[in-house]
Amino acid sequence: MGWNALTATLYYMFPTERVQTNLRKAVLEWCTLALLRAGDMYGRDLAVRLGDLGLITGYGSIYGPLARMRDAGWVETRWVESPVGPPRRYYVITPDGADAVRGFERTWLNLSTAVDAALGSGPSHGNAKEQL
Amino acid sequence: MSSEREVLHDPVTQAYLNELGSELDRLSPGARSQVLDQVAEHIRDAALDASARGEKPDVADILRELGDPRTIAMAAQGRDSAGTGMGTSAVDRLSVFLDSRKGMWWTIATTAVASYLVPFAGWIAAMVMVWVSPRWSRTAKIVATLIVPVGVLLFLYAPWGTNLLFFDGGNLQLLLYVAPLLTAIWLLFRTQRRAE
């Protein structure tokens with residue numbers, strides 16, 4: 001690889017980490033609501049699930065968004081007795097939260113369809129598929 | 001003492017929670033205590049879950065899985081990269097650092113001291129820090145930037161300026177020492193006002 005090609009490669013290198021981080025953060029609250037729609041969860045359980053899905057790297061990052069969602073009236077909390085210790089704070093999705101996540105589902109569907117169409121329309125579509 | 005109490009009262013845990021509390025300085029007291037309570041519950045639950053599996057809870061592991069207090073605070077305060085569009089360039093990283101509590105104190109200290117150590121260039125560096133940091137409002141930045149030049153202009157050109165300060169080179173030098181200090185006090189004042 002020549003010097004020009006090398007510098008061009010470095011200059012135009014896809015910022016994978018930044019893009020992934022921003023996309024994850026943009027959908028974190030919606031995915032949290034979607035998980036809670038499937039059932040009530042306590043904080044650590046929820047954080048581990050989101051971590052397993054690759055949506056957060058540090059489990060602590062979920063508590064700020066959870067507090068905001070509580071303030072927005074999308075989630076509420078209740079205390080549930082635990083067999084292994086003191087009661088745990090469980091997060092419960094509210095009807096407003098369920099409406100919000102349904103709205104996000106529609107938006108996501110439209111957006112992902114548009115992005116898929118855009119990605120599928122380019123000349124490098126075949127190459128991208130091979131790399132995946 | 002039960003394992004979860006031991007973990008919660010561990011000095012390392014306490015230091016972690018204290019640091020998180022300091023980083024959450026932009027939240028209202030109620031919101032701050034909400035996040036702190038939830039993180040403390042996470043630590044307690046992680047210890048309980050480990051005990052339930054027959055393992056000894058490891059404070060370091062639990063805190064590692066929670067992540068850096070500054071990152072938690074940024075997510076809690078809506079200052080993460082998704083919210084601000086911040087990337088990973090050197091300026092972005094500097095901006096993130098200067099936005100932290102530690103970065104805020106560095107900015108104030110640099111403003112107060114840098115001009116004495118490196119005249120002019122020190123003041124320029126301090127003003128760059130003020131403008132790069134998203135912590136200060138536009139008004140705070142503009143006032144901070146104007147204190148030194150306006151002070152000098154008044155000193156040199158206002159009819160009462162030279163009389164008031166008995167114009168000579170020594171007094172001008174004194175002004176150049178005092179003005180950055182006033183700028184630092186202004187930033188400190190803005191910090192206190194924000195905290196209130």
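**Aromatic contacts, nonpolar cores and the surroundings of R190(B)**

The charged end of R88(A) sits 4.4 Å from the centre of the Y42(A) ring, over that ring (NZ of Lys or CZ of Arg within 6 Å of the ring centre and within 35 degrees of the ring normal). The model is predicted, and local features need pLDDT of at least 70, with side-chain atom pairs counted only at pLDDT 80 or more. Residues are numbered from 1 along each chain as its sequence is written, and chains are lettered from A.

**Aromatic residues**
- Over all chains, the whole structure holds 6 aromatic pairs (Phe, Tyr or six-membered Trp rings with centres within 6.5 Å).
- One aromatic cluster is formed by W30(A), W74(A), F104(A) and W108(A).

**Nonpolar cores**
- The largest nonpolar core (buried Ala, Val, Leu, Ile, Met, Phe, Trp, Tyr and Cys joined through side-chain atoms within 4.5 Å) has 44 residues.
- Helix α3 of chain B (residues 29-52; a DSSP run of H or I, at least four residues) gives the most to this core, with 6 residues.
- Those with the most contacts inside this core are L50(A), I62(A), Y63(A), V35(B), V39(B) and I43(B).
- Beyond four places in sequence, L50(A) touches L28(A), C31(A), T32(A), L35(A), L55(A), I56(A) and I62(A) (heavy atoms within 4.5 Å).

**R190(B)**
- R190(B) lies in helix α12 (residues 169-195) of chain B.
- R190(B) counts as buried because its relative accessibility is 19% (buried is under 20%, with a 1.4 Å probe and protein chains only).
- The side chains of R190(B) and S137(B) are joined by a polar contact of 3.0 Å (N or O atoms within 3.5 Å, one able to donate a hydrogen and the other to accept it).

Definitions and conventions. Side-chain values use heavy atoms; hydrogens and water are left out. Rings of Phe, Tyr and Trp (its six-membered ring) pair if their centres lie within 6.5 Å; planes under 30 degrees apart count as stacked, over 60 as edge-to-face and the rest as tilted. Buried means under 20% relative accessible area, exposed over 50%, partly exposed in between (1.4 Å probe, protein chains only). Helices (H or I, at least four residues) and strands (E, at least two) are DSSP runs, numbered from the N terminus.
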